[in-house]
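User: Hi! I'm new to reading protein models and would love some help with this one. Could you walk me through it?

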Amino acid sequence: MPAHARAQEILGHDFAKPDLLREALTHRSAVAGRLLARGRTARSNGAGSNERLEFIGDRVLGLLIAEWLAERFPQEQEGQLGPRLAHLVSQPVLAGIAERLGLPAVLQVAPGESRAGVRRLATVLADAMEALIGALYLDGGLETARRFVRHAWDDPMNSLAEPPKDPKTALQEWLLARGMQLPNYTMVSREGPPHDPVFVIAVAAAGQEGTGTAGSKRIAERLAAEDLLRKLRG
């Protein structure tokens, strides 16, 4: 089955504007590869890749999950709903859903990146999932995006009997309960233009280190804390 037909099957939506789906499935590396194949210098701004749709999908997903949480937990206030929202739109959850749906098989990446395993990277999968939600929204409207999100996020939503703790708080509590020193966060790198930065943050504690990569320093720190906590808990 062609990749686009398989993607439409995954999403449960036939696109009136197939170019939106094509763009949502295109990693930056595939655009650069096509330009080089035509003898042109590869642009670095990501034009033609799924990055613009990712920007839209991130906002649409946040709205739809917030709406769903407010319906599902009518007695909870922002302090409880916020951690639930942060968890459900986090990179690990998005990447896990993408893997379960079979998204890696339909992503368009450059051959070299494919051999390097880029299709399986959590950052790439999470970005592509947001791009697909953005494409669904632009092609079919909010209800189409809502229908997909409520189907794809059903298991993660149902697993949240209690509001999850912020990973940084959970890490700190884990260390303090064992008489260990507090974690130390450092910025490994900051790349990309001012409007679309990529932060890599490392956190060290108890002789181990975790890392996180995201478009904001705060989220990268959360991902680093999650990574380290998983290692410490074994």
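Analyst: Happy to! Let's start with a term: two strands pair if DSSP finds at least two bridges between them. Helices (H or I, at least four residues) and strands (E, at least two) are DSSP runs, numbered from the N terminus. With that in hand, β1 (184-191) and β2 (198-205) pair in the antiparallel sense over seven bridges.

User: Anything I should know about the model itself?

Analyst: It is a predicted model, where local features need pLDDT of at least 70, side-chain atom pairs count only at pLDDT 80 or more, and totals for chains, interfaces and linings use all residues. Residues are numbered from 1 along each chain as its sequence is written, and side-chain values use heavy atoms, with hydrogens and water left out.

User: Thanks! Back to the strands: which residues in β2 are the bridge partners of Asn184 and Met187?

Analyst: Asn184 has Ala204 as its bridge partner in β2, and Met187 has Ile201.

User: How many bridges join β2 to β3?

Analyst: Seven, and those two strands run antiparallel. Ala205, for instance, has Gln208 in β3 (208-214) as its bridge partner.

User: What do the hairpins look like?

Analyst: The hairpin of β1 and β2 has six residues between the strands, and Gly192 there takes a positive phi near 90°. The hairpin of β2 and β3 has two residues between the strands. Ala206 lies in that loop between β2 and β3, and has a positive phi of about 55° although it is not a glycine.

User: Is Ala206 buried or exposed?

Analyst: In between: Ala206 is partly exposed, with a relative accessible area of 41%. The cut-offs are under 20% relative accessible area for buried, over 50% for exposed, and partly exposed in between (1.4 Å probe, protein chains only).

User: And why is β2 described as largely enclosed?

Analyst: Because six of the eight residues of β2 are buried, it is largely enclosed by the rest of the structure.

User: Let's switch to helices. What's α12 like?

Analyst: α12 (217-233) has 17 residues and reaches 24 Å from its first C-alpha to its last, close to the 24 Å expected at 1.5 Å a residue. That expected span is 1.5 Å times one less than the number of residues in a helix. Its buried residues include Ala220, Leu223, Ala224, Leu228 and Leu232. Among the elements covering the buried residues of α12 are α5, α6, α11, β1, β2 and β3. Just after α12, Gly234 takes a positive phi of about 75°.

User: Are there pockets to look at?

Analyst: Try the second largest pocket, with about 280 Å³ of space. Of the 14 residues that line it, the closest to its centre are Lys165, Pro167, Glu226, Leu229 and Arg233.

User: Hang on, what counts as a pocket?

Analyst: On a 1 Å grid over the protein atoms alone, a pocket is an open set of points where a 1.4 Å probe fits, with protein on both sides within 12 Å along at least five of seven lines, and lining residues have an atom within 4 Å of a point. The volume is the space filled by probe spheres set on the points, which are joined across faces, edges and corners.

User: Which helix gives the largest share of that lining?

Analyst: α12, with five residues. α5 (78-88), α11 (167-177) and α12 each supply at least two.

User: Last topic: what's around Ile97?

Analyst: Ile97 sits in helix α6 (91-101) and counts as buried, at 2% relative accessibility. Leaving aside neighbours within four places in sequence, Ile97 is in contact (heavy atoms within 4.5 Å) with Met129, Ala152, Trp153 and Pro156. Other buried residues of α6 include Val93, Leu94 and Leu101. Just after α6, Gly102 takes a positive phi of about 85°.

User: And Asn50, where is that?

Analyst: Asn50 is in the loop between α3 (28-37) and α4 (51-72). At 6% relative accessibility, Asn50 counts as buried. Not counting residues up to four places away in sequence, Asn50 touches Glu23, Ala24, Thr26, Ala128 and Ala131.
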